[in-house]
Structures are given as structure tokens and as C-alpha cells.
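Here is a short set of questions and answers on one protein model. Look at the sequence and the structure first.

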Amino acid sequence: KKQQQSSYRETRGQKGHIYHSYSRRFFVLQLVLWGLRGVSRVILANNPLSGALIMAALCWESRWQALLGTVGVLASTITAVIMGQDSAEVSGGHHGFNGMLVSLLMGVFSSAGDWYWWLLLPACLGSATCVFLYSGLSSVFHHWDLPVSVFPFNTIILLYLLCTGSDNPYFPHLPAIPPGALGPNDTKLIAVEVIRGIPLGVGQIYACVALGPCLLILGAVLLYSPLLAVHALLGSAVGTLAGLSMAVKPDFLYSGLSGFNGSLGCMAVGGLFFTFSWRIHLLAIANAFLSAYADIALGNLLGTVSTHTLYHVCMTLRKPSTFFKGIFFFLFCDTTVLVHPQQREPGYYLISIQDGSPLQTRAEKNK
């Protein structure tokens, strides 16, 4: 009996050890899938395969940026798990994409160069803080049926840039230039470079400036939804057209900075929040124009007012400084909210962010 009991205990202990081992591996696999969904959420997608393609594009663009993005999405996702956030939101990547944007933009703004390891500290803290803001804002926005979107990212990145500066001894960031500031030889444009800036506008959502990674990101969008990919290119083209009409710096046209915000606005309305129709398609184009003109206006305003106080502006040879990218993401939220009506006509249906199914209109609910 003693031998049987001892063998039973050993077998039970082995089974328990195997169970804990498998549960740990399963959690790691889940965490990877949640993180990849969070990566794809930046482009309004919900597909881990798209997230894997985007991570490959980031590695192609810059391994340091890929590391920062990974740290950001893991920090925010693990923080959401520890805080006990809604499991559907965690598994859907809703808490990961804000953290990734924060860490990516900290790396883009940093003037300390690549592989500045101290930058991982604010990247982790800022990404984790996004979860608290997301949780607090979601309870407020829920009353108006509005998504939190990238408001936590906007808040954290602007606070970070306000607390630091170009002369900060630990976390200096690059200056930027207003999009409307023209130099003496900025009146001539290269048509091929302007057209090349349209796909670059999609890649600029992840701060990519090379054509190859940008095309890979566009492929990730196409894998998730061809309709979303069409609106991404269309919105970037609209943003580029708006930049041309306002005579912004050619560098903003060539690098895609004038098109990425229009791309996001067009994708949100035409491929995500509403069921597709020709009216929604026109509304998406209008939202892209609104986003593009708003980011040009606010960029010029901040660049003019804060040239010698908060934010100094310049361009680097390696890649253009994108200080105003956080501001432009904020404008993407605002313009999307403006075309997110509360009283909808019968033909306008909102799409659920969770599962993609059409939501009932208020008239149907009242019936």
C-alpha cells in the first residue's frame, strides 16, 4: 500500500507539473496572439497574421523600432491582464495598440539614436499607463457609443514630449517643422516622388519611410480586408492632394506624412465603423479631406506658436521628424467622431468593433 501511495503521489505530482508546464506555454502562445492582434489594431485590423506581417515590416525598416514596438505592446497587454481588464478586449488587442504606438513614436522622436537602452524605461511606463487611460475613457465614451481609439496614445505621447525636450539630458527628442513652412527652393515638385508618397502614407502609420516595409504593411491590410486596403490607399491619396492644395513642404509629400492621417480617417469610416455603401464611401472621402486639412492647420499653428518654447522644428537626413504625428492621430479621432452620428438614417449601420456584426439602430431598438 505504501508503495502504491508513493507511486500515486509521484504520478500525481508529474501530472501537476505537466499541467502547469502546458498552461504556461499556452499562456505564452495566447500572449503572442494577443500582441499580434494589438499590432494589427493600429491599422484597424483584427488578424494575428496581419500583425505578423507588420512586425516583419518593422524589422525590415528598423530592428530597434521593432524591439520598441514589441516592448510596448507586451507591456500594455500584460498590464491589462494584471489589472483584470475585460478578457474580450485583451484577447482582441484593444489594449496593445496604444502601447505600441507610444513606444514606436518615442523611438521616432528620440534624438539619442538607435539602441539607446534607457528609452525602454519610458516606453514601458507609457505603454502601461495607456491601459489606465483606456479603461477610464471607455466608461465615459460608452454613453455616446464612441470608441476610445488612440486617445490614450495621444495623451501619453504629448505628456512625454511636454516633460522632455530637445535639450533633455536623458530623453531628448528631435525637433520638427511645420508642414506649411517652405524653403527658398521648395516650389518645384517631383511627380514620381509625390506618387510614391501615397503608399508611404500607409506605412507612416507605423513610422515607416521605406517603400518595401510600407508595401508589406499595405499587404497586411489587404490580407485582413481588401475594402480596408482600398480605403487606405484612397485616403492617403486624398491627404496628398490636400497637401498639394495647401502647398506643404515637399518632404511631407514625399515621405507620406501628408497622407497617413487621411488614410486612417478614410479606413475608419469606409471600412470599419459603417457597413459599406456608396454614401458611406463618399463620407469616407470627406473624412479623409477633413483629417488632412485639420492636421495641416494644427501643424502650422503649433509650429508657429511654439517654435522657441515647447517644440523646436527641423528635419533630419536619416528620416523626417514626425513630432506632429501624435497630434495628427488626435485629429483622426476627432474627425472620425464628427462623422459618427448619433441619429442615423435607416441605411446607416454601425459595425461592432468586437465581432464585426452590424449593430441595431436606435429606431430599431425603440421598436
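UniProt positions are given in the numbering used here, feature names are shortened, and annotations may be inferred rather than shown by experiment. This is a predicted model, where local features need pLDDT of at least 70, side-chain atom pairs count only at pLDDT 80 or more, and totals for chains, interfaces and linings use all residues. Residues are numbered from 1 along each chain as its sequence is written, and side-chain values use heavy atoms, without hydrogens and water.

Q: How far apart are the end C-alpha atoms of residues 204–223?
A: The unreviewed UniProt entry annotates residues 204–223 as "transmembrane region". The span is 65% helix and 0% strand (helices are DSSP runs of H or I, at least four residues; strands are E, at least two). Its end C-alpha atoms lie apart by 19 Å.

Q: Which residues of α9 are buried?
A: Buried means under 20% relative accessible area, exposed over 50%, partly exposed in between (1.4 Å probe, protein chains only). The buried residues cover an arc of only 150° around the axis, by directions from the helix axis to the C-beta atoms, so they sit on the same side of α9. They are Pro213, Cys214, Ile217, Leu218, Ala220 and Val221.

Q: Which residue does arginine 196 meet in a salt bridge?
A: A salt bridge puts a side-chain nitrogen of Lys or Arg within 4 Å of a carboxyl oxygen of Asp or Glu. Arginine 196 is partly exposed, at 30% relative accessible area. Its partner is three residues apart in helix α8, about one helical turn. At 3.8 Å, N to O, the partner is glutamate 193.
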